[in-house]
Amino acid sequence: MQNGYRIPARVLHWSLAIAIIVMLPVGGIMVSDGLDRSTQNALFILHKNLGVLILLLMVVRLIYRAVNPPAPLPAHMPAWQKNAAGMTHILLYVMVFFMTITGYVRVSMGGFPIEALGAVGLHPLLPRNEAIAEIAKSMHFYGRYVLLAVMALHIGAALHHALVLRDGVFGRIWPFWRT
Ligand code: HEM
């Protein structure tokens, strides 16, 4: 029986984790006052294009997970913890999709380019609409706090397993050693 997550799932988990952690400060910095124009442009290009890559990798990850479900959590974990872990994982998926989709809507309905998609001939899927773009912008702004809260729960629980309980749960996803 596979102990925890398979290698492709671990690679997807850690590359997405790093990308999402990068997106949060980049998003905040690029809209801050006093930034010079070229730095702001570079950060916007990074944020939009990495964001679309995150959206695509999330779809790949969901499909991979449906085809290769992870092994069940260890029997010693109480049911409430298993349920809490499951709920947190669902919320993480929901919030990352929420952030990427509201970001995409804000940009494409606001009439701005997504350079990597344009380069491969993929033009905006949505018509220009300033009112909806503004709503998506607000949702994107507030969504970050919900995402941060769910990430804090997830990372806190993971560190508790890794450093305090040392029960092998962290090793199910960590790529560098086996438990
Ligand atoms: C996990 C994915 C994402 C995260 C965590 C994220 C996070 C953020 C954060 C924290 C901000 C700063 C909000 C503010 O202070 O106003 C921001 C702004 C922004 N994001 Fe994202 N973002 C993500 C995906 C995307 C995607 C996929 C796009 C577009 C394709 C995008 C486009 C934008 C734009 C245009 C802004 C500036 C909003 C404005 O003021 O017009 N984001 N993002």
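1. Just after α5, arginine 166 adopts a positive phi of about 50°, and in this predicted model that backbone value belongs to a residue other than glycine. Arginine 166 lies in the segment that follows α5. Arginine 166 counts as exposed because it has 12 C-beta neighbours inside 10 Å, the cut-off for that class being 12 or fewer.

2. The helix that precedes this segment, α5, contains 36 residues and spans 51 Å from its first C-alpha to its last, close to the 52 Å expected at 1.5 Å a residue. A kink of about 25° is nevertheless present in α5, and glycine 143 is at its centre. Gly143 is also one of the buried residues of α5, which are Ala136, His140, Gly143, Leu147, Val150 and His161. As for their partners, the buried residues of α5 pack against α3.

3. For α2, the corresponding figures are 31 residues and a reach of 45 Å between the first C-alpha and the last, close to the 45 Å expected at 1.5 Å a residue. Buried positions in α2 are His47, Lys48, Gly51 and Ile54, a list in which the reader may wish to note Lys48, a charged residue by class. The buried residues of this helix pack against α1 and α3.

4. The largest nonpolar core has 7 residues in all, namely Ile20, Met23, Ile54, Val96, Met99, Leu147 and Val150. At least two residues of this core come from each of α1, α3 and α5. A second core, separate from that one, has 5 residues, among them Tyr104, Val105, Val107 and Met109. Returning to the largest core, its member methionine 23 touches His47, Leu50 and Gly51 when residues up to four places away in sequence are not counted; of these contacts, His47 and Gly51 are among the buried residues of α2.

5. Around the ligand there are 25 residues, of which Met23, Gly27, Gly51, Met99 and Gly103 come nearest. Two or more residues of this shell are given by each of α1 (7-30), α2 (37-67), α3 (79-109) and α5 (130-165), and α3 gives the most, with 7 residues. By class, the shell comprises 14 nonpolar, 7 polar and 4 charged residues. Met23 and Met99, both listed among the residues nearest the ligand, also belong to the largest nonpolar core, while Gly51, likewise in that nearest group, is buried in α2 and is touched by methionine 23.

Technical notes: Residues are numbered from 1 along each chain as its sequence is written. This is a predicted model: local features need pLDDT of at least 70, side-chain atom pairs count only at pLDDT 80 or more; totals for chains, interfaces and linings use all residues. A residue is near a molecule or strand if its C-beta atom, placed from the backbone, lies within 6 Å of it. Helices (H or I, at least four residues) and strands (E, at least two) are DSSP runs, numbered from the N terminus. The expected span of a helix is 1.5 Å times one less than its number of residues. A residue is buried if 20 or more other C-beta atoms lie within 10 Å of its own, exposed if 12 or fewer, and partly exposed in between; C-beta atoms are placed from the backbone. Two residues are in contact if their C-beta atoms, placed from the backbone, lie within 7 Å. The bend at a residue is the angle between axes fitted to the seven residues ending there and the seven starting there. A nonpolar core is a set of buried Ala, Val, Leu, Ile, Met, Phe, Trp, Tyr and Cys residues joined through C-beta atoms within 7 Å.
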